[in-house]
Amino acid sequence: MYTIAALYHFTRFHDPAALKPALLDLCLAQDITGTLLLAGEGVNGTIAGPRAGIDRVIAHLRALPGCSDLEWKEATSDQPPFGRMKVRLKPEIVTMGQPDVDPRARVGHYVEPGDWNDLIRSPDVAVIDTRNDYEVAIGTFEGAVDPETASFGDFPAWWEANRERFHNKRIAMFCTGGIRCEKSTNYLLGQGVEDVYHLKGGILKYLEEVPEEQSAWEGDCFVFDNRVSVGHGLREGPHMLCHGCRRPILPEDTDRPEYEAGVSCHNCAHETSEDDKNRFRERQRQIALARLRAE
């Protein structure tokens, strides 16, 4: 059984590159796979591996400057969720493209999962999903507004174009694990919005703690590992990944004429050129050859 740990923490790393070698070496030594992002604003990522290895990596991260109160969310899988381990240096640990946004300065009001339903069902509250459009497509909270953004960096422009819709409303925002809301609530506060709230621990914590019969969640939640989606109780969902566009699809979508394994699905068949598809086909061929050699 693999332990999966999803984490993020905003702090000030003066030299994130200096932190990379020891962190990567530790992960490799402990048979940990996944991705960790390091930036001047902190750390973000999801990793998986044996229980003892995850504990050692978490202890290492919490010993980094300003990370003693780092929190993380756990799940399990009987299949390896990631193929390899990557530690990457980035300008931001979640890309919004707003240099003045600083979650360490202030964020919205945290709302515990058990209190979330009452908040979002209040008539003076507008609920906004800050995730990408393909994530929202497979599940969201009842009544939530979908900004239909292709990336988080599109959110500020969407807000500027739509802010009048939310005049005199309290704003409640949510995302998968909470990291986007740290930035989006700081951004809205900087835009003069006074009453801003966000779901503490994100959708994953809500699905873990709130009983299904009391839930305001509809559908499944996209996750960035080989499980693809999870539902209530963090049970693995039915979705699989199109390896052409990295969007979630259902098993029955493989029967559609646009689907070609590793190449395209109904979401992306008309978005890529024939040259792109031929490259994807070659990639699939190499993967199949590698599997044959492994046997």
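The legends below accompany views of a predicted model of one protein chain.

**Figure 1. Overall fold of the protein chain, with 8 helices and 15 strands.** The radius of gyration of the protein chain is 20 Å, close to the 19 Å given by the globule rule for 295 residues, so the chain is as compact as a globular protein of that length. Along the principal axes, the C-alpha atoms fill a box of roughly 60 × 50 × 40 Å. Of the contacts with a separation of 6 or more, 65% are made between residues 24 or more positions apart.

**Figure 2. Surface, burial and charge of the protein chain.** Among the 295 residues, 51% count as buried. The accessible surface amounts to about 14,600 Å², and carbon and sulfur atoms contribute 47% of that surface. The side chains include 34 positive and 47 negative ones, and a distance of 5 Å separates the centres of the two sets.

**Figure 3. Close-up of E41 in the loop between β2 and β3.** Strand β2 spans residues 33-39 and strand β3 spans residues 42-49, with E41 in the loop that lies between them. E41 has a relative accessibility of 13% and therefore counts as buried, the cut-off being under 20%. The side chain of E41 reaches the backbone nitrogen of I93 at 2.8 Å.

**Figure 4. Residues in contact with E41.** When residues up to four places away in sequence are left out, E41 touches H9, F10, T11 and R12, as well as E92, I93, V94 and K183. I93, one of these residues, is also the one whose backbone nitrogen is reached by the E41 side chain.

**Figure 5. Close-up of D276 in helix α8.** Helix α8 comprises residues 274-294, and D276 lies within this helix. The relative accessible area of D276 is 21%, so the residue is classed as partly exposed; this class covers values between the buried limit of 20% and the exposed limit of 50%. A polar atom of the D276 side chain lies 3.1 Å from the backbone nitrogen of S273. The side chain of D276 is also joined to the side chain of R279 by a polar contact of 2.7 Å.

**Figure 6. Separation of D276 and R131.** In sequence, D276 and R131 are 145 residues apart. In space, the distance from C-alpha to C-alpha for D276 and R131 is 27 Å. The polar contact of the D276 side chain shown in the preceding view is formed with R279.

Terms used: Residues numbered from 1 in each chain as written. Predicted model: local features only at pLDDT ≥ 70, side-chain atom pairs only at ≥ 80, totals over all residues. Heavy atoms only, no water. Helix = DSSP H or I, 4+ residues; strand = E, 2+ residues; numbered from the N terminus. Buried < 20%, exposed > 50% of the residue type's maximum accessible area, 1.4 Å probe, protein only. Polar contact = N/O pair within 3.5 Å; in protein donor to acceptor, adjacent residues only side chain to side chain. Rg over C-alpha atoms; globule rule 2.2 N^0.38 Å. Contact = heavy atoms within 4.5 Å. Areas by Shrake-Rupley, 256 points an atom, 1.4 Å probe, with all protein chains shown as cover. Lys, Arg positive; Asp, Glu negative; His and termini not counted. Charge placed at Lys NZ, Arg CZ, Asp CG, Glu CD.
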